[in-house]
Amino acid sequence: MSASNLEEDVALYMDGNLVKEAKPHEAFKKEWKPGQTPDYAGIYRCAGCGDEIASNKGVQLPSQNHRQHSPAQGSIRWKLLVIAQQV
Ligand SMILES: [Zn+2]
């Protein structure tokens, strides 16, 4: 399998037994600014440009490494996409 088969506009998973659709929850609606420290570890998606990043618990969300936005994309707003369960 080439890496290009894994390049999509949305997050991918393979084993459906290990991921589950969440019930509606405020955690998925909140927008975080660059440098803020979110409540959950997981994958965050920028509401402006669609870029996705992995964030560890207790670590600030990135700003400087993030791509430049066009004026139409607005500011960087990170939204929780997938919660990583840490046991
Ligand atoms: Zn962005």
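Trainee: How many helices and how many strands are there in the chain?
Mentor: Keep in mind that we're looking at a predicted model. From the N terminus on, its elements run β-β-β-β. So by the run-length rule for helices and strands, the tally for the chain is 0 helices and 4 strands.

Trainee: Okay, and in what order do those strands form the open sheet?
Mentor: Start with E2, which pairs with E4 (residues 78–83) in the antiparallel sense over 5 bridges. E2 (residues 42–46) is also joined to E3 (residues 52–55), again antiparallel, by 4 bridges. Put E1 in as well, and the order in the sheet is E1-E4-E2-E3.

Trainee: Which strands are left with one side without a neighbour in the sheet?
Mentor: The sheet is open, with the order E1-E4-E2-E3. Each strand at an edge has a single partner strand, so one side of it has no neighbour in the sheet. Those edge strands are E1 and E3.

Trainee: Let's zoom in on the E2 and E3 hairpin. Which residue in the turn has a positive phi?
Mentor: The two strands run antiparallel, and Arg45 has Glu52 in E3 as its bridge partner. Between E2 and E3 there are 5 residues. The one in the turn with a positive phi, about 85°, is Gly50.

Trainee: And on the E4 side, which residue of E4 stands opposite Gly42?
Mentor: Here we want the pairing of E2 with E4, which is antiparallel and has 5 bridges. Opposite Gly42, in E4, stands Ile83.

Trainee: Which elements give two or more residues to the largest nonpolar core?
Mentor: In soluble globular proteins, nonpolar side chains tend to be buried together. In this chain, the largest nonpolar core has 6 residues: Trp32, Tyr44, Cys46, Ile76, Trp78 and Leu80. The elements giving two or more residues to this core are E2 and E4.

Trainee: What share of the residues of the chain count as buried?
Mentor: Residues count as buried when 20 or more other C-beta atoms lie within 10 Å of their own. The chain has 87 residues, and the share that counts as buried is 9%.

Trainee: Is His25 buried or exposed?
Mentor: You'll find His25 in the segment before strand E1 (31–32). It has 10 other C-beta atoms within 10 Å. A residue with 12 or fewer counts as exposed, so His25 is exposed.

Trainee: How far apart in space are His25 and Trp78, C-alpha to C-alpha?
Mentor: Along the sequence, His25 and Trp78 are 53 residues apart. In space, C-alpha to C-alpha, the distance between them is 16 Å.

Methods: Residues are numbered from 1 along each chain as its sequence is written. This is a predicted model: local features need pLDDT of at least 70, side-chain atom pairs count only at pLDDT 80 or more; totals for chains, interfaces and linings use all residues. Two strands pair if DSSP finds at least two bridges between them. A nonpolar core is a set of buried Ala, Val, Leu, Ile, Met, Phe, Trp, Tyr and Cys residues joined through C-beta atoms within 7 Å.
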